[in-house]
Structures are given as C-alpha cells and as structure tokens.
Amino acid sequence: MPLVPQESATPAPTAAPRRAPPVSLGYQPGLDGLRGLAVAAIIGYHAGGGLIPGAFLSVSTFFTLSGFLITTVLLAEHDQHGGISLRTFWSRRLRRLMPASLAAIVVILAMSLAWADSTQLARLRGDALSALGYVANWRFVFSGDTYGAELQSASPFTHFWSLAIEEQFYVFYPLLVVGALVAAKGSRRVLAWTFGALCVAGLAWTLVLDGSGVARDRLYFGTDVRSVEFLAGALLALWWMRRGEPVSERARPWLSGVGLVALVGMVALWATADLQGAWVYQGGLALYSLVTLAVMLGALQRGSVVDRLLSVRPLVWLGTVSYGVYLLHYPILLFLDSQTDLGVVPRLLIAVPITLAIAGASARYFEQPIRRGTMVRGRWAGWAVPVGVTAVLLAAVGAGAIGEPGTDRVDLTAAQQQYLELQAEEAAREASPTPKVTVFGDSTALVTGIGLTEWGRAHDDVAVGGGGDGALGCTLTPELSYRSNERIGKAPEQCLGYQDRWAAASKRRPSDVALVQVWTRAVFAQQIDDQGPFLVVGEDPTLDALLEARLREVAEVLLRDNGMVVLGLGPYIEPGRVDGVSPQQAIAEGDHGRMDAFNEIQRRVARSTDRVETIDIADVYDQAGDQRRLVPDGVHLSQDSALEVAEVLGPALAAIHTERTGKTTTVVRQPQAD
C-alpha cells in the first residue's frame with residue numbers, strides 16, 4: 001500500500017530540459033499527516049475488538065493518495081523534460097519498497113517458525129512467496145473461496161495484499177500514462193478523459209461482479225476493482241497540475257471548508273462503518289475516494305484548518321515512517337494475540353512502541369540510505385536487489401519446509417484430493433457380505449469417509465469406499481449467501497446441483513447405508529433474499545423450513561438406490577480453535593443453540609421418513625477419545641483422528657443396519673457401469 005514516504009515532484013532528468021513545470025506540488029506536510037492518521041487507524045483496526053471498525057477504509061485513502069502523488073511526479077517530469085523515463089520511475093519505486101519489504105518477510109518468517117500454529121505453518125511458504133512476488137491480494141482472493149478459510153488462523157502476511165495492489169499499480173499505471181500522452185501528443189485533456197472513462201468502467205465492473213454473486217473477497221482484494229481509487233487521485237493530480245495557478249484565492253476558503261467537513265466525515269466513517277455492509281462492495285469504496293479527495297484538497301490549502309490539523313509533528317513523522325509501521329504492526333499484533341491473553345488495549349500498549357521504534361530506526365538507518373544510494377555503492381549496487389530477492393526466496397522455501405506440519409492437523413485440500421482418489425478406486429470388497437457404507441456431505445463428510453475407508457480395509461464390520469460424495473464448502477443451501485466469522489460468501493459453484501451428483505453416485509455404487517453429514521454451514525447465518533437479513537437456524541421458521549425440505553429431498557434421492565439413510569447429528573463446533581486451543585473470543589457459529597436446532601430438524605425428518613435413522617456424532621467422538629484432540633480446528637477431524645473415530649463409527653453403522661434389517665448380512669447390489 002502507499003505507505004512510503006511522500007515523493008517530491010522533482011523529476012529525474014531524462015532529456016534536455018524544455019521548460020519548467022508551471023505548477024509544482026512541492027512538499028506538503030498535511031499529506032504526510034493524512035498518511036500518519038490513516039496508518040494509526042489501521043493499527044487500531046487490526047488490534048481487533050471493534051476498536052475502529054471502519055478503519056479498513058483508510059486503505060482506500062492510501063490508494064487515492066498514491067494515485068495523486070505518483071501522477072504529479074509523472075506530469076512534472078513530462079512537463080520539464082518532454083518525456084517520462086519508465087526505467088528511472090521503476091528504479092525509484094524498487095528502492096523505496098523492496099528493501100523494507102524483504103526485511104519484513106524475513107522477520108515474519110522467523111516469527112512464524114517460533115510461534116505460528118499449524119494452519120499458519122501450512123500456508124507459510126505460499127503466503128511468503130506471494131508477498132515476495134507482490135501477488136498476495138490474488139492469493140487471498142482464491143484462498144478466500146476455499147472452504148475453511150473463514151475458520152482458519154489469519155496469515156501473518158495478510159496485510160501484504162495492499163502492498164501487492166500498490167506494486168501492481170506502480171508497474172502498469174506509468175505505461176498507461178506514457179501511452180496516453182504519446183497517443184494524444186501530450187494532451188492532458190485526453191489523459192483526463194481516459195482516467196474518467198476508466199473510473200466509470202471500473203465502477204460499472206464492480207457492480208457487475210457484485211450482481212453476479214462473486215465472493216466479497218474478490219470485490220475487496222481485486223486489483224481491477226480497487227484501481228478506481230488510484231484513478232480518482234490521478235484525476236485530482238491532473239486538475240491540480242494544470243497550466244496556471246491551481247486554486248484561485250476565492251476558492252481557497254471554500255475548499256478548506258469542504259476539506260474540514262470531509263475530514264470529520266472520514267473519521268466518522270472509520271468509527272462506524274462495517275466491512276460487511278453491502279454498500280462497501282456496491283461501489284462504496286470508489287465513492288469513499290471522493291471523501292479522501294476532499295480531505296486532500298483541504299490539506300493542500302496551506303494554512304487551512306485541515307492543513308494545520310494534519311501538519312502536527314507527530315502525525316507528519318508517523319506519515320514519513322508509515323511504510324515500515326504498516327509492514328511490522330500486523331504480525332506483531334497477531335503474534336501477541338496468539339501467544340498472550342492480553343486485551344486489546346494492553347496489546348496496543350506493547351505493540352505500538354515496538355513497531356514505532358523499529359520502523360523509525362529502519363527508515364533512518366536502512367531505507368533512506370538505500371534510497372539515496374549510500375548504503376551499497378560501486379559495482380555491488382546493481383547486485384543488491386537480485387541477491388536480496390534470492391536470499392528471501394530461499395528463506396521462504398526453506399522455512400516452508402521446516403514448518404511443514406504433521407498429519408495431526410486438518411488439511412482440507414489434501415483430504416479432498418485423497419477422497420477423490422478413493423472415489424476413483426473400486427470398492428475394497430465389492431462382493432463382501434458385510435454392510436456397505438457410503439458417505440455424503442460437506443468437508444466433514446469427506447474426512448469421515450477417508451477414515452472409514454482406511455479402517456474398513458482392515459475390518460469386517462463394514463465395507464466402505466468407492467462411492468458417496470463429499471466436497472469442500474458444500475451445504476444444503478449452496479445458492480444462499482452465508483456469514484461466518486464476519487465474512488460473507490457463497491458455497492463453491494461445484495456445490496450447486498449436489499442432489500443430482502448424489503443420485504448419480506448412488507446409482508454407480510449403491511450401498512446398504514448412506515451416511516449424511518451436512519451440519520457445518522447449516523449453523524451459519526444465511527440470507528434467503530439478496531437484500532434481506534441473515535437468518536439463523538432455530539431463530540427463523542423460514543430458514544428452518546427450507547433446511548427441513550432440503551433434508552427430506554436428500555433422503556428421497558438417496559433412498560432410491562441405497563438401503564437406508566443415516567443422518568449424522570452434528571457435534572458442537574468451535575470455529576477459530578487452533579491445534580485444540582479455543583479462540584479468545586467465541587465465534588457466533590459455535591453457539592450450541594444453533595446446532596441443537598439443526599439436529600432437531602434432522603431428528604424430525606428421521607421420525608417421519610421411512611428407512612431414515614440418526615446417529616449422534618458427538619457421542620461417537622466421546623467414545624473415540626478427547627474431542628479437542630480429535631477435532632483440532634473445532635470443526636473437522638484430522639487425517640489421523642478420522643481413523644480413530646472410524647473404529648467407533650464403523651461398528652455403530654453396522655449395528656444400525658442390523659437393527660433396521662434384522663440381518664447381519666446383506667444381499668450385495670451389483671454396481672452399475674461408470
């Protein structure tokens with residue numbers, strides 16, 4: 001993100017001077033003060049506890065500031081020299097951003113190896129490499145669509161998403177400016193129309209994406225969506241750097257007043273806005289950039305109230321070191337949160353002084369010497385960046401290997417792949433007289449299915465494998481938006497039409513017992529109407545009726561080709577649990593009342609539908625061992641514990657079948673051809 005010390009508009013020479021720029025931005029302490037205020041808000045936001053709930057908007061402020069400042073630099077250079085040196089521009093950006101970023105990545109890797117939990121360690125290599133390559137935002141877009149992401153520990157590299165967008169802007173934006181200026185023979189009017197058209201197109205694209213039902217992570221982390229905020233700043237720069245005086249004396253008081261009102265509104269939004277508010281993703285981020293523009297205009301009026309407020313020395317200093325502050329504050333807060341029982345304020349009292357001290361020292365003794373070219377000189381200067389990048393690359397790869405967790409953790413991606421491989425195999429004992437079991441449902445079902453299959457190969461109680469259907473993130477209502485741990489999303493597209501997939505799987509490999517586990521997302525708040533409220537099972541009869549209807553439909557589909565259906569009554573879940581340790585703050589989805597309500601719906605379906613039974617999975621867990629050890633993330637069995645649970649669950653399913661049929665053996669159905 002644009003947390004780098006403010007640029008002067010003094011350009012590097014690229015050709016013989018033609019004329020001096022008619023307007024020079026010069027140094028504006030108020031803009032550094034705005035940067036300092038924004039990074040302070042971000043620290044409060046990342047501290048948690050709802051301290052500054054809307055401060056996520058301050059990232060937009062940084063984006064708009066960057067668009068403004070970088071455009072003034074490029075325009076001043078073009079005015080003075082008749083052209084823009086892309087090589088010089090990119091070289092300066094590299095010296096400003098890369099060294100501190102490399103150092104921060106190394107520090108975070110070291111902290112992670114010492115204190116990270118298993119889910120963080122599992123992502124460590126990929127997160128570090130995406131941070132190094134400035135593509136972290138897109139990594140988090142795709143991982144956000146992966147089931148379980150909303151239940152996992154936060155990555156210590158999460159905050160690199162904005163740095164990634166910033167760097168992508170620095171790479172492509174100068175090309176746009178140079179191309180437009182060349183095509184328009186230096187006309188800024190054409191450049192302004194280009195930026196304006198791109199802003200309109202970007203806003204329209206945001207609305208299209210939102211209407212298509214994409215995950216909100218896509219609308220928040222996407223470079224294409226967030227580019228509008230940069231371009232808004234660029235448009236202000238075009239107006240400010242136009243020929244002649246930028247602002248008349250008559251307009252100054254008016255702009256100062258608008259800036260003051262906008263500053264008050266900005267702080268009010270930081271204090272009240274909600275990241276899950278629909279307006280944020282329906283063009284709200286782009287519209288918020290107008291608030292930033294108004295504040296910037298007020299700060300640019302030297303001597304105005306806004307300028308005086310933002311030019312106080314502590315804020316200005318914080319703005320000059322804000323890049324280092326941003327890099328360091330988040331992992332420090334994150335690890336304090338995971339390693340201590342301190343509240344929000346005590347964590348801040350520890351984290352803020354440490355962050356400011358390190359960032360200040362880094363700016364003075366590390367970042368600034370590199371920018372001035374005084375730290376590495378001579379023939380070694382050209383090798384500094386590639387050597388640094390290579391060293392950090394090796395560190396990231398090595399740290400990922402060292403931090404690779406064992407099989408006692410929950411690895412849903414690996415479980416999904418393993419389940420697919422098992423599905424491709426023939427049943428281990430297709431002609432066995434023992435009851436055959438298949439498993440259907442969500443990610444809990446696929447882990448259970450893996451455990452039952454592996455256990456069944458060595459036991460005669462049941463024959464498992466070669467059928468069923470389990471998938472990450474699927475639910476009885478995949479078409480609905482859900483809210484979990486304050487994140488809003490939808491089930492993966494592959495979950496739509498799950499009834500047809502279950503029917504097809506049953507035809508290919510009919511079984512005596514079809515076990516169904518679909519409890520996890522049933523207890524998430526769900527939105528039946530696109531603009532309606534989020535409803536909770538047990539609290540809203542409309543959602544309860546929909547879940548019951550879907551369960552009845554599932555039973556009807558599965559009973560066409562399977563002997564009986566067993567609905568797994570969900571155990572109490574605890575999202576946010578890591579390695580068996582409960583989160584400091586309980587997450588709403590772990591409310592026992594929600595699971596009790598859904599289980600009652602399952603019992604009701606079983607009582608009223610022939611050949612449908614229930615099994616209490618919580619009781620199975622209790623017989624198998626310590627539930628915290630078996631379910632380390634609070635929701636899913638691990639690969640190892642699934643096998644332990646199967647030792648209880650397998651015989652229990654066989655007993656249910658025997659009780660229902662009165663037979664200890666069964667006539668084995670011949671599977672249909674695939």
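This report describes the fold, the nonpolar cores and selected local features of one predicted protein chain.

The model is predicted, so local features are reported at pLDDT of at least 70 and side-chain atom pairs at pLDDT 80 or more, while totals for chains, interfaces and linings use all residues. Residues are numbered from 1 along each chain as its sequence is written, and side-chain values use heavy atoms, with hydrogens and water left out.

**Overall composition**

The chain holds 24 helices and nine strands; helices (H or I, at least four residues) and strands (E, at least two) are DSSP runs numbered from the N terminus. Of its 674 residues, 57% count as buried, where buried means under 20% relative accessible area, exposed over 50% and partly exposed in between (1.4 Å probe, protein chains only). Among contacts (heavy atoms within 4.5 Å) between residues at least 6 apart in sequence, 81% join residues at least 24 apart.

**Nonpolar cores**

A nonpolar core is a set of buried Ala, Val, Leu, Ile, Met, Phe, Trp, Tyr and Cys residues joined through side-chain atoms within 4.5 Å. The largest such core has 110 residues, of which Phe 68, Phe 157, Phe 160, Trp 161 and Tyr 173 touch the most other members. Helix H11 (residues 278-300) gives the most to this core, with 12 residues. Apart from this core lies another of 61 residues, including Val 513, Leu 515, Ala 555 and Leu 649. Residues up to four places away in sequence aside, Phe 160 touches Ser 101, Ala 104, Ile 105, Ile 108, Ala 131, Ala 136 and Leu 327.

**Thr 61 and the H3/H4 pair**

Thr 61 lies in helix H2 (residues 58-81) and counts as buried because its relative accessibility is 0%. The side chains of Thr 61 and Tyr 288 are joined by a polar contact of 2.9 Å. A polar contact is a pair of N or O atoms within 3.5 Å; within protein, one must be able to donate a hydrogen and the other to accept it, and residues adjacent in sequence count only if both atoms are side-chain atoms.

Helices H3 (residues 86-115) and H4 (residues 118-132) pack at an angle of about 180 degrees, with their axes 11 Å apart. Axes are lines fitted to C-alpha atoms, for helices over the stretch in contact, and angles run from 0 to 180 degrees between N-to-C directions. H3 and H4 are therefore roughly antiparallel, a term for angles over 145 degrees. Leu 102, Ile 105, Leu 109, Ser 112 and Leu 113 of H3 meet Leu 121, Leu 124, Ala 128, Ala 131 and Leu 132 of H4.

**Positive phi outside glycine**

Two loop residues are listed below.

| Residue | Phi | Loop | Relative accessibility |
|---|---|---|---|
| Tyr 134 | near 55 degrees | between H4 and helix H5 (136-144) | 8%, buried |
| Lys 185 | near 55 degrees | between helix H6 (160-183) and helix H7 (188-211) | 81%, exposed |

**Helix H22**

In helix H22 (residues 617-624), Ile 617, Val 620, Tyr 621 and Ala 624 are buried. These residues cover an arc of only 100 degrees around the axis, which puts them on the same side of H22; the arc is that of the directions from the helix axis to the C-beta atoms. Exposed Asp 622 and Gln 623 occupy the face of H22 turned away from its buried side. The buried residues of H22 pack against strands S6 (513-517), S8 (564-569) and S9 (612-616) and helices H23 (627-630) and H24 (639-661). At the start of H22, a side-chain oxygen of Asp 616 reaches to within 3.0 Å of the backbone nitrogen of Ala 618. Just after H22, Gly 625 takes a positive phi of about 155 degrees.

Definitions and conventions: Angles under 35 degrees count as roughly parallel, over 145 as roughly antiparallel, 65 to 115 as roughly perpendicular and the rest as oblique.
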